[in-house]
Amino acid sequence: NFDESEWAMALNVLDKVVYYSSDRIDEALKYDIERIVKTHPGEHIYVLPSGNVGKSGNAMAYHAKKVIEALGLPESVLSLLNLKNLDGIKKNAVIALLDDFSGTGESIGKFYNESVKDRVEGKQIEVCALTVAYMKKAADYLMETSSIAVYGTCYDSAFARRGSVFGYEKNMKPVRDFCFKKGEMLFPDWKNTDLKPLGYKNSQALICFEHTTPNNTLPILWYDETIPGSDKRWNA
């Protein structure tokens, strides 16, 4: 993908990527499920996969089931839930909406509003989000729009002016410009779409999972199609 003169810059980006293997996903979910249980003593915690189809949804349901079984807590304390059984849950419970990653909070928010909210109204049920990783802007969005707290590991934008993983602005800006230039090559029509040169809605994420890479992550890490206007394929 890169000229030899760009290798050092490309490797600098790759060095900052956070990769979640299958085992690391299990460890992250175990830690945060235990946090939720401790935060809500005496309440039934239901883990509800957030309805994503395909690899992501199937993978997370599998991981959640494995972690819940390994924790060995009574089913009256912790259990996996599906939408078919949502109407049957009792009062004084907690529903944790499960997803691997939340970049903007929109997917979890949409699932909550369309599939969960009306069915738990008036039941004294608290709803939170359970992720492996999430962006700060997603947590802000979910709290502001639905009062949903997010559990998981929080990450800021890769090129945030303060706290960037690439250091101070003097060091960070050349990396950002490099990633933007390559991303713009992959999405030349980015001004008219949500997919931007630095990820979905400019999320600037650096998160990859064993089963998938979110489109919030920099496109140079997941784009795997012919480069527009050329006959060359970009290799993710």
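These legends go with a set of close-up views of a predicted model.

**Figure 1. The whole chain, before we zoom in.**
The protein chain is built from six helices and nine strands. Along its principal axes, the C-alpha trace spans about 60 × 35 × 35 Å. How does the radius of gyration fit a compact globule? With 236 residues, such a globule would come out near 18 Å, and the protein chain has 19 Å, which agrees. Buried residues account for 48% of the 236 residues. Take the contacts between residues at least 6 apart in sequence: 66% of them join residues at least 24 apart.

**Figure 2. How sure the predictor is.**
Averaged over the protein chain, the pLDDT is 94, and 98% of the residues reach 70 or more. Where is confidence lowest, and where is it highest? Helix α3 (residues 55-71) has the lowest mean, at 89, while strand β1 (residues 18-20) has the highest, at 98.

**Figure 3. Helix α5 and its buried side.**
Helix α5 runs over residues 136-146, and A138, A139, L142 and S146 are buried in it. They cover an arc of only 100° around the axis, so they sit on the same side of α5. The reason such a pattern can arise is simple: an α-helix has 3.6 residues a turn, so residues three or four places apart point the same way. What do the buried residues of α5 pack against? Their partners are two strands that come before the helix in the numbering, β4 (93-102) and β5 (125-135), plus helix α4 (106-120) and strand β6 (149-155). Just after α5 comes S147, which has a positive phi, near 55°.

**Figure 4. G152, a glycine in strand β6.**
This view stays in the neighbourhood of α5, moving to strand β6, where G152 lies. Is G152 buried or exposed? Its relative accessibility is 16%, so G152 counts as buried, the cut-off being under 20%. Not counting residues up to four places away in sequence, G152 touches D32, R35, T131, V132 and Y134. One of these, R35, is 117 residues from G152 along the chain, yet their C-alpha atoms are separated by 9.9 Å.

**Figure 5. N216 and its company.**
Look for N216 in the segment after β9 (207-209). With a relative accessible area of 8%, N216 is buried. Which residues is N216 in contact with, leaving aside its neighbours within four places in sequence? Among them are F101, G103 and T104, and also L198, G199, Y200, S203, Q204 and A205.

**Figure 6. A salt bridge inside helix α2.**
The structure holds eleven salt bridges, and this view picks out one between the side chains of K30 and E34 (3.3 Å, N to O). Side chains of opposite charge can pair when their charged atoms come close. Both residues belong to helix α2 (residues 22-39), where they are four residues apart, about one turn of the helix. K30 is partly exposed, at 39% relative accessibility, and E34 is partly exposed too, at 29%.

**Figure 7. A salt bridge between parts far apart in sequence.**
Here E106 forms a salt bridge with K201, and the closest N and O atoms are 2.6 Å apart. What does this pair tie together? E106 lies in helix α4 and K201 in the loop between β8 (199-200) and β9, so the pair links parts that are 95 residues apart in sequence. E106 is partly exposed, with a relative accessible area of 26%, and K201 is partly exposed as well, with 34%.

**Figure 8. A salt bridge between K16 and D15.**
The closest N and O atoms of K16 and D15 are 3.4 Å apart in this salt bridge. K16 is partly exposed, with a relative accessible area of 22%, whereas D15 counts as exposed, at 57%.

**Figure 9. Cysteines without a bond.**
How many disulfides does a search of the whole structure find? The count is zero. For C128, the closest cysteine sulfur is in C154, and it is 15 Å away, too far for a bond, since a disulfide needs the sulfur atoms within 2.5 Å. C208 is in no disulfide either, as the nearest cysteine sulfur, that of C179, is 12 Å away. Both C128 and C208 are buried: the relative accessible area is 0% for C128 and 9% for C208.

Definitions and conventions:
Residues numbered from 1 in each chain as written. Predicted model: local features only at pLDDT ≥ 70, side-chain atom pairs only at ≥ 80, totals over all residues. Heavy atoms only, no water. Buried < 20%, exposed > 50% of the residue type's maximum accessible area, 1.4 Å probe, protein only. Contact = heavy atoms within 4.5 Å. Arc of directions from axis to C-beta. pLDDT = per-residue confidence, 0-100. Salt bridge = Lys/Arg side-chain N within 4 Å of Asp/Glu carboxyl O. Rg over C-alpha atoms; globule rule 2.2 N^0.38 Å.
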